[in-house]
Amino acid sequence: MEPGKPDFNYLPFKVHNGIVYLAGQLAKENGLVKNIGRVLEEISEDEASRQMTLCAEHSLSWLKIAAQNNGSELESILDLKVYVSCKKNFDGISRLADKASEVFIKQLGEKGKHPRSVLAVLRLPQNAPVMIDLRAAIK
């Protein structure tokens with residue numbers, strides 16, 4: 001999968017001492033977040049789940065690129081942060097985060113298991129409903 005490239009003047013990732021610091025990942029399709037807005041307002045939970053899966057897939061693509069560029073392989077996901085733009089009464093932010101966690105565990109097995117934080121926010125870049133960022137170890 002071709003990961004979404006940054007729209008502004010920043011790096012998609014940076015490697016330092018065997019740690020990949022990944023920029024926030026939106027669910028871009030052909031360079032754009034297609035369905036925008038807050039979960040349970042403009043976006044259904046099902047659409048947010050689909051986008052969360054895309055965020056995780058983009059992240060894996062960037063991690064593979066980072067590892068290859070450094071002559072390394074992915075050792076493990078160190079932590080995951082999940083952001084959900086939603087109505088304040090939405091109680092499904094952890095269900096959405098599960099979608100990203102499932103991708104990492106399915107693709108990487110034990111290396112994909114990770115601690116995580118899940119945050120509900122008012123708005124995300126480009127009015128996206130979901131975003132993730134993470135850190136991973138390469139060796």
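The protein chain exposes about 7,300 Å². Carbon and sulfur atoms supply 50% of that area. These values come from a predicted model. Buried residues account for 47% of the 139 residues in the protein chain. Charged side chains comprise 19 positive and 17 negative ones. The centres of the two sets lie 2 Å apart.

The protein chain contains two helices and seven strands. Their order along the sequence is β-β-β-β-α-β-α-β-β. The radius of gyration is 14 Å, close to the 14 Å given by the globule rule for 139 residues, so the protein chain is as compact as a globular protein of that length. The C-alpha trace spans about 45 × 30 × 20 Å along its principal axes. Contacts between residues at least 6 apart in sequence were also examined for their separation. Of these, 80% join residues at least 24 apart.

In soluble globular proteins, nonpolar side chains tend to be buried together. In the present model, the largest nonpolar core holds 34 residues. Met52, Val84, Leu96, Phe104 and Ile132 touch the most other members. At least two residues of this core come from each of β2 (19–25), α1 (45–69), β5 (74–85), α2 (93–108) and β7 (130–138). Helix α1 provides the largest share, ten residues. Another core, of six residues, lies apart from the largest one. Its members include Val33, Tyr83, Leu124 and Ala128.

Phe104 was examined in more detail. Neighbours within four places in sequence were left aside. Phe104 is then in contact with Ala56, Ser59, Leu60, Ile77, Leu80, Gly109, Gly112, His114, Ile132 and Leu134. One of these partners, Ile132, is itself among the core residues that touch the most other members.

Leu119 was the second residue considered. Leu119 belongs to strand β6 (residues 116–121). Its relative accessible area is 40%, so Leu119 is partly exposed; burial would require a value under 20%. Residues up to four places away in sequence were not counted among its contacts. On that basis, Leu119 touches Val82, Tyr83, Val84 and Ile93. Leu119 and Tyr83 are 36 residues apart along the chain. Their C-alpha atoms are nonetheless separated by 4.9 Å. The contacts of Leu119 involve members of both cores: Val84 belongs to the largest core, and Tyr83 to the core of six residues.

Note on methods. Residues are numbered from 1 along each chain as its sequence is written. This is a predicted model: local features need pLDDT of at least 70, side-chain atom pairs count only at pLDDT 80 or more; totals for chains, interfaces and linings use all residues. Side-chain values use heavy atoms; hydrogens and water are left out. Helices (H or I, at least four residues) and strands (E, at least two) are DSSP runs, numbered from the N terminus. The radius of gyration is taken over C-alpha atoms; the globule rule is 2.2 Å times the number of residues to the power 0.38. Buried means under 20% relative accessible area, exposed over 50%, partly exposed in between (1.4 Å probe, protein chains only). Contact means heavy atoms within 4.5 Å. Accessible areas come from the Shrake-Rupley method with a 1.4 Å probe; for residues, only the protein chains shown count as cover. Lys and Arg count as positive and Asp and Glu as negative; His and the chain ends are not counted. The place of a charge is taken as NZ of Lys, CZ of Arg, CG of Asp or CD of Glu. A nonpolar core is a set of buried Ala, Val, Leu, Ile, Met, Phe, Trp, Tyr and Cys residues joined through side-chain atoms within 4.5 Å.
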